[in-house]
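Trainee: Could you take me through one helix of this model in detail, from its own geometry to what it borders?

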Amino acid sequence: MRRENQSRVLEFLLLGLPIQPEQQRMFFALFLGMYLTTVLGNLLTILLIRLDSHLHTPMYFFLSHLAFSDVSFSSVTVPTMLMNMQTRHLTISYVGCISQMYFFIPFVCLDNFLLAATAYDRYVAICQPLHYTTVMREELCILLVAGSWFFSCAHALLHTLLLSRLSFCADNTIPHFFCDLTALLKLACSDTSLNELVIFTEGGVFAFLSFCAILASYIYVGATILSPSIKRICKALSTCGSHLLVVLYYGTLAMIYFIPSSKSSKVKDIIASVLYTVVIPMLNPFMYGLRNRDMK
């Protein structure tokens, strides 16, 4: 391992997915197909929303930003993984690794806020339909999205600055397919207690508040289902069906960032990461957008 002043690592070694060499081509084709589906599906969602004036509503405004976020954070990790699988060039520079982590974190955080904003929009549409246009004003929608971007970027900058103060003078091997924050903290040879504290407090608060907002909307929507309106029931079930991915999304995030892991759980962490960086961004445009009656 190369070092600078015997304390700073010049590069990291990404081990990638735990698959056998003879399976590399099959998984490369699989993940390439999933990534192309993610990009095309989300970009098509954005294009349709931009071109169709009937889709210029708060819900589709949030969905367009969610689609952009999905394309972005999937593009931060998946191309590197595919390149490593194809070339077997597993090294990544220190600056490249930190940069990848910095651009990955805000889009994951942005997804949290946008899912909460979308859930709130559906709560107002289903539970307070007569007040929908009054509550979901254009100014409020812009404020929610702008605030989501601001706090997501601040969140990423905070973790990047805290990580940059650490020393990496031991093993430079990352048992992952991208530079994940938790994986990098395990390689640090200096005290990481502050980093871990910030993850569990600041990061936990953001995730908890977003999840509570979504959960509260489900509760109110569930209460609305009890009303004897067939139209309302169908609308509510359609909304909740689309948001079932939220459970999978938050479950994988909690497994990686908030549940202590052991050496035996590395494979589970990688599987969870594949779910929220590859699978969920691919499914989102079909669950939230393209299957919607308004976009057909």
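Mentor: A definition is needed before the rest: a pocket, as the word is used here, is an open set of points on a 1 Å grid with protein on both sides within 12 Å along at least five of seven lines, and its lining residues have an atom within 4 Å of a point. The model is a predicted one, and the helix I would choose is H2, which runs over 58-87 and gives six residues to the lining of the second largest pocket, the most of any contributor. That pocket holds about 340 Å³ of space and has 16 lining residues, with His56, Thr57, Tyr60, Phe61 and Ser64 nearest its centre; besides H2, the elements that give two or more residues to this lining are H1 and H5.

As to its geometry, H2 has 30 residues, which at 1.5 Å a residue should span 44 Å, and because the end C-alpha atoms are 44 Å apart, the expected and computed values agree. There is nevertheless a kink of about 40 degrees at Ser75, shortly before the proline Pro79, and the helix is followed by Arg88, whose phi is positive, near 60 degrees.

Turning to its surroundings, H2 is mostly covered, with 22 of its 30 residues buried. The largest nonpolar core has 45 residues, and Met81 is among those with the most contacts inside it, as is Phe177; H2 is one of the helices that each supply at least two residues of this core, although its largest share, twelve residues, comes from H3. Phe177, for its part, is in contact with residues including Thr77, Met81 and Val274.

Technical notes
Residues numbered from 1 in each chain as written. Predicted model: local features only at pLDDT ≥ 70, side-chain atom pairs only at ≥ 80, totals over all residues. Heavy atoms only, no water. Core = buried A, V, L, I, M, F, W, Y, C linked by side-chain atoms within 4.5 Å. Buried < 20%, exposed > 50% of the residue type's maximum accessible area, 1.4 Å probe, protein only. Helix = DSSP H or I, 4+ residues; strand = E, 2+ residues; numbered from the N terminus. Contact = heavy atoms within 4.5 Å. Expected span 1.5 Å × (residues − 1). Bend = angle between axes of the 7 residues up to and from the residue. 1 Å grid on protein atoms, 1.4 Å probe; cavity = no way out; pocket = protein on both sides within 12 Å on 5 of 7 lines; lining within 4 Å. Points joined across faces, edges and corners; volume = space filled by probe spheres on them. Lists of a residue's contacts leave out its neighbours within four places in sequence.
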